Amino acid sequence: MSQTTAQETTASRERVAEASRSNVREGKGASTPIVVAENIHKTFRSGEIEVHALRGLDLTIGTGEMVAIMGPSGCGKTTLLNTLSGLDSFDDGEVTIEGTSLADMNDRRRTEYRARRMGFVFQSFNLLPVISAVENVEMPLLVSGVRPAEARRRSLASLDSVGLADRASHRPMQLSGGQIQRVTIARALVNNPALVWADEPTGNLDVGSSTDVLGLMQRLNREQGRTFVIVTHDPQVAALCERIVQMEDGEIVAHE
Ligand SMILES: Nc1ncnc2c1ncn2[C@@H]1O[C@H](COP(=O)(O)OP(=O)(O)OP(=O)(O)O)[C@@H](O)[C@H]1O
Ligand SMILES: [Mg+2]
């Protein structure tokens with residue numbers, strides 16, 4: 001091993017060790033980090049206007065954690081999820097997921113990794129209106145090459161896990177808001193992801209439906225150890241999370 005590589009390896013080990021220590025400081029115990037973000041900068045430029053949406057942000061998420069990200073509108077929460085999950089690029093800093101830097105993955109590998117290990121509950125990933133619930137849920141499996149019969153079986157099982165087995169053939173328009181949100185969650189979970197990113201998962205739900213959706217996420221977190229990173233304005237959501245990360249103007253200002 002060359003000296004530089006050895007130094008880099010030592011530096012990288014030290015970073016992981018520091019991330020574990022910072023988890024301990026943040027009250028999480030010594031769980032292995034699943035996501036380590038360091039000094040992330042992201043600026044949007046459109047014409048003359050520049051928005052420095054992420055300003056040197058650091059964040060470590062422990063494996064099996066359920067974390068809420070809160071903060072005022074426009075402070076960079078959605079941008080943070082997009083960049084940490086590799087959906088969008090960033091200008092400076094490093095994101096390491098399960099020990100691999102996003103920068104070391106090419107586009108294809110990032111896409112493949114996302115399909116295999118991550119689930120998304122985003123409003124921008126809405127359901128397709130012209131196909132049924134079960135067809136919407138099986139879409140990520142078909143995209144990642146699972147055979148149709150197997151994809152259908154797993155899709156039905158995922159709908160069953162959110163209590164919607166009897167609505168599998170309904171199109172989104174034939175479902176209530178809470179049911180649509182649960183189909184979205186079934187789709188996010190169908191590939192058995194280690195890490196689920198959710199952006200305002202209860203944003204459009206009544207209290208009853210949002211309690212159902214939250215109960216489901218909490219069960220998957222506690223019983224199956226899946227990691228959830230949830231952007232929310234909803235105090236009911238935050239109350240269920242083990243840790244609340246407060247953002248302001250592109251930075252993390254507090255961990256509660
Ligand atoms: N594609 C874009 N081009 C230019 N500016 C953008 C773009 N996306 C976001 N921004 C700006 O970046 C900042 C952060 O936006 P972001 O969507 O991350 O906020 P947020 O915290 O998710 O807000 P909200 O709670 O309203 O969803 C905002 O000031 C926004 O105007
Ligand atoms: Mg947002």
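Strand β3 (residues 66-70) is mostly covered, with five of its five residues buried. Buried here means 20 or more other C-beta atoms within 10 Å of the residue's own, exposed means 12 or fewer, and partly exposed is anything in between, with C-beta atoms placed from the backbone. Strands are DSSP runs of E with at least two residues, helices are runs of H or I with at least four, and both are numbered from the N terminus. In a regular strand the side chains alternate between the two faces of the sheet. In β3, Met66, Ala68 and Met70 point one way and Val67 and Ile69 the other, and all are buried.

Before going on, a word on what you're looking at: this is a predicted model, in which local features need pLDDT of at least 70 and side-chain atom pairs count only at pLDDT 80 or more, while totals for chains, interfaces and linings use all residues. Residues are numbered from 1 along each chain as its sequence is written, and chains are lettered from A and ligands numbered from 1 in the order in which they are written.

Back to β3 and its partners. Two strands count as paired if DSSP finds at least two bridges between them. Four bridges join β3 to strand β8 (residues 227-231), and the two run parallel; the bridge partner of Ile69 in β8 is Val231. β3 also runs parallel to strand β9 (residues 243-248), again over four bridges, and there Ala68 has Ile244 as its bridge partner.

These strands lead into the largest nonpolar core. Such a core is a set of buried Ala, Val, Leu, Ile, Met, Phe, Trp, Tyr and Cys residues joined through C-beta atoms within 7 Å. This one has 59 residues, and those touching the most other members are Val67, Ala68, Ile69, Ala186, Val229 and Ile230. Helix α6 (residues 177-189) gives the most to this core, with six residues. Take Val67: setting aside residues up to four places away in sequence, Val67 touches Ile61, Val229, Ile230, Cys241, Arg243 and Val245, where contact means C-beta atoms, placed from the backbone, within 7 Å.

Now for strand β6 (residues 118-121), which is covered on both faces: Met118 and Phe120 on one side and Gly119 and Val121 on the other are all buried. β6 pairs in the parallel sense with strand β7 (residues 195-199) over four bridges, and Met118 stands opposite Leu195. Ala198 also sits in β7. Why does Ala198 count as buried? Because it has 25 other C-beta atoms within 10 Å. Its contacts, leaving aside neighbours within four places in sequence, are Val121, Phe228, Ile230 and Val231. Ala198 and Ile230 are 32 residues apart along the chain, yet their C-alpha atoms are separated by 4.7 Å.

A second piece of the picture is an open sheet of four strands in the order β2-β1-β4-β5, with antiparallel pairing. Its edge strands are β2 and β5 (100-101), each pairing on one side only. Two bridges join strand β4 (residues 92-97) to β5, and Thr96 stands opposite Ser101. Gly93 lies in β4 too, and it counts as partly exposed because it has 17 C-beta neighbours inside 10 Å. Not counting residues up to four places away in sequence, Gly93 touches Ala37, Glu38, Asn39, Ile40 and His41. The C-alpha atoms of Gly93 and Glu38 are separated by 5.6 Å, with their positions 55 residues apart along the chain.

What surrounds ligand 1? The shell holds Phe44, Ser46, Val51, Ala53, Ser73, Gly74, Cys75, Gly76, Lys77, Thr78 and Thr79, each with its C-beta atom, placed from the backbone, within 6 Å of the ligand. The elements giving two or more residues are β1 (33-46), β2 (49-62) and α2 (77-84), and α2 gives the most, with three.

Over on the helical side, α4 (residues 133-143) has Ala133, Val134, Asn136, Val137, Glu138, Pro140 and Leu141 buried. Those buried residues pack against α3 (107-117), α5 (148-161) and α6. After α4 comes Gly145, whose phi is positive, near 90°.

Finally, the overall view: the protein has eight helices and ten strands, and buried residues make up 39% of its 256 residues. Of the contacts with a separation of 6 or more, 69% join residues 24 or more positions apart.

Definitions and conventions:
Two residues are in contact if their C-beta atoms, placed from the backbone, lie within 7 Å.
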